[in-house]
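Here is a model to look at together, starting from one spot and moving outward.

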Amino acid sequence: RPAPARRGPLGPPGSSRPGQGRGRRTRKPGIFWRYRRIWFMFGFLGFTALAGAIWVVTQIPLPSEAPLAQTTLIFDASGAQVAELHGVENRFPIKIEQVPAITQAAVIAAEDRNFLEHGGVDPWSILRATWADIRNKGATQGGSTITQQYVKNQIVGSERSLMRKLKEAVVAVKLERKYSKPQILEKYLNTVYFGRGAYGIEAAAKTYFRKGVEDLDLKESAYLAGLIRTPSTGDVYSDPETAYFLRSSVLRTMVKARTITQAQADEAERTKIEQYTFAPEKADTTFTNLTDNGSEYFIDYVRQQLIRDYGQDRVLRGGLRVYTTLDPKVQDYAYRAVYDTLKNPERDPIGSLVSLDSEGRVVAMVGNRRWADSQVNVAAGTAGGGGGRQGGSAFKPFVLTEAIKQNIPLTNKYYNGAAKIGPLPGWGDQEVHNYGDTGFGYINLIDATVNSVNTVYAQLVDQVGPANVVATAHDLGITSDLLPVPSITLGTQEVSVLEMADAYLTFFRDGTHVDPRVITKVTEGAAVLVEDKPTGVRRAIPRETAQQVREVLGQVVERGSGTQAQLPGGAWGKTGTTDGFGDAWFVGANDKLVTAVWMGYPEGQSRPLLNVEGVNKVAGGTLPAFIFKKFMTKAAPTDGKPAPDPILDVRALNGSSSAARPAGASSESSTTTTAVEAASPATTIAPVASPAITIPAPKPTVPAPTLIAPTIPSTTPTTRRTQPTITFPPGFPP
């Protein structure tokens, strides 16, 4: 077989077509070409999946934005803000117009320098951040735009997935089409976290600088903008080096963007951050008080009522506006009256004061000495995180009220006003003693109340019945559980300062009870949830009964155990001291306010009130009565002008001066023997059959005595009266 013709480089001999020559082997196709069908299939499937995902995401409607948690604000009676209530998110939404231009520029420089140009996603920022990460130099900005950060924080969440990032980008573009740049920046500034629990630029300004956002300057704005990237380590008190680096980065970027000059940046750099920001405080994350007049206990009491009525989430996140009854000046007077008197925190007891106006508004509440040391609100009793305290002889007016209701004349005389009596049925084997074992002999109910004679009241409670006293006390305003035992007449059961003030307010209101209240108005947006009106208004006791009790309590102040509480325009009230000087009270009023004062040690009855501010034995007629006077002369003066502070006369309170009280009057008479007061009424004293008590009565032919009804407001003269205002009919036994 002849050999085949030799192929030339461009083909066989004589051929003019290229590629037909011999001498060159044919190339094998590459791997991509050999598997081109498989690669095409994968490419097609990938493109289809990506296109499908994009289509699915784009077809999803723009998700609704989660409602912002807003801080609840509390205002006093003057309209001034006094506190903030918030949960984990402390937030105050603001309008973009409130944010200074320099602050807006700082945030844009720190987080998204191309914010005004891009359409929601900035590819160049992504490339820049990626390149910085590759070089391990870090980036002063991330790849996400401000719009994307808002979408992640408020709409799609922070899950690490490709689908979430894709959805974030698509929603960001949609937001850019729906809202203007200022609107998007406003949303971002209201949601971004700045550390220390502050969400949003307004909360950050308050938290770090104690000012509103509208007052921020360049150095403050640059510092806050730097915190957005690393809120915890960016805090100068956590990591000063990082804080200064971040502030410098923001300032340099602002210079490059020509929003500030280099000279302005240099000036801001020269100021130490510690000079204009506040150190973080260790405080309750749900409670920020803005005053220093001891009102934290009042605010916490308001917070408890709000949570009870509206729930915690609504209170801490709902942005309520709460208007309260707290009078800022009166609160100042109250706190100073208590703790300018008990001025030694290491040695002195704690004190509490509650003052109510005629409508039951709590205008002042002193719950303890210092919130940072103890959050127990003694004024509120068990509702304040602690317990009640024994009322002592301040409880006697409730027994007297029941006696008047049962038509027992105030002029009824008791032969046995002895220094001690007993043992009595229902008291176990214990005797009842008067204060200082003072005997009074033949004495009527008026003088027995004026001098707080325990031995007479021990007989009186048996006559009227302890269960009836419990019912009357509850009608007057005492809400604590009370046991119907004879020792109730001596105030051995626990009550709160607020309860006592409310019960005496019923006397002030001529027998009409009204619930004490601390809130006058609550709004939620445009809705008004609570309006200013009294609640619990009801007839508790007859008008004449309240007036008689009030008149007798006026005698307590004029010539009895409460002379230290005398006011220029007249006052009435009752002292109270528990056994062993464990608690001391004065509860009373003038023609404007009803005020209850208590003092004692947190340890309770185990630590007596001895040698306090020079007073040897603190009874209700000593320091509590003095605090009442000091407060009332400032908060409720008769002529409308606060009087100078009264001078504490320790010699008088210790009984070394005749000025302490009129001759023959007891300074306080509200204790029994230690065994009686120390015993628990719930376990050692049980009600038993009433003993027979002989009470002298007026002659049948003589009409009942007529009580001169007092007037309210009080018009009691400043000079002391030596006799009670009781008119006895002719022939009545002396």
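Q: Let's take a close look at Tyr193: what relative accessibility does Tyr193 have, and how does Tyr193 count on that basis?

A: First, a heads-up: this is a predicted model, where local features need pLDDT of at least 70, side-chain atom pairs count only at pLDDT 80 or more, and totals for chains, interfaces and linings use all residues. Residues are numbered from 1 along each chain as its sequence is written, and side-chain values use heavy atoms, leaving out hydrogens and water.

Now, Tyr193 has 31% relative accessibility, so it counts as partly exposed; buried means under 20% relative accessible area, exposed over 50%, and partly exposed in between (1.4 Å probe, protein chains only).

Next, ring pairs. Rings of Phe, Tyr and Trp (its six-membered ring) pair if their centres lie within 6.5 Å; planes under 30 degrees apart are stacked, over 60 edge-to-face, and the rest tilted. That rule gives 15 aromatic pairs. In one of them, the rings of Tyr193 and Tyr199 sit with centres 4.6 Å apart and planes at 35°, so the pair is tilted.

Phe398 and Phe507 make another pair, with ring centres 6.5 Å apart and planes at 35°, so that one is tilted too. This pair links distant parts of the chain, 109 residues apart: Phe398 is in helix H15 and Phe507 in helix H19 (helices are DSSP runs of H or I, at least four residues, and strands are E runs of at least two, numbered from the N terminus). Both Phe398 and Phe507 are buried. They also belong to one aromatic cluster with Phe395, Tyr504 and Trp572.
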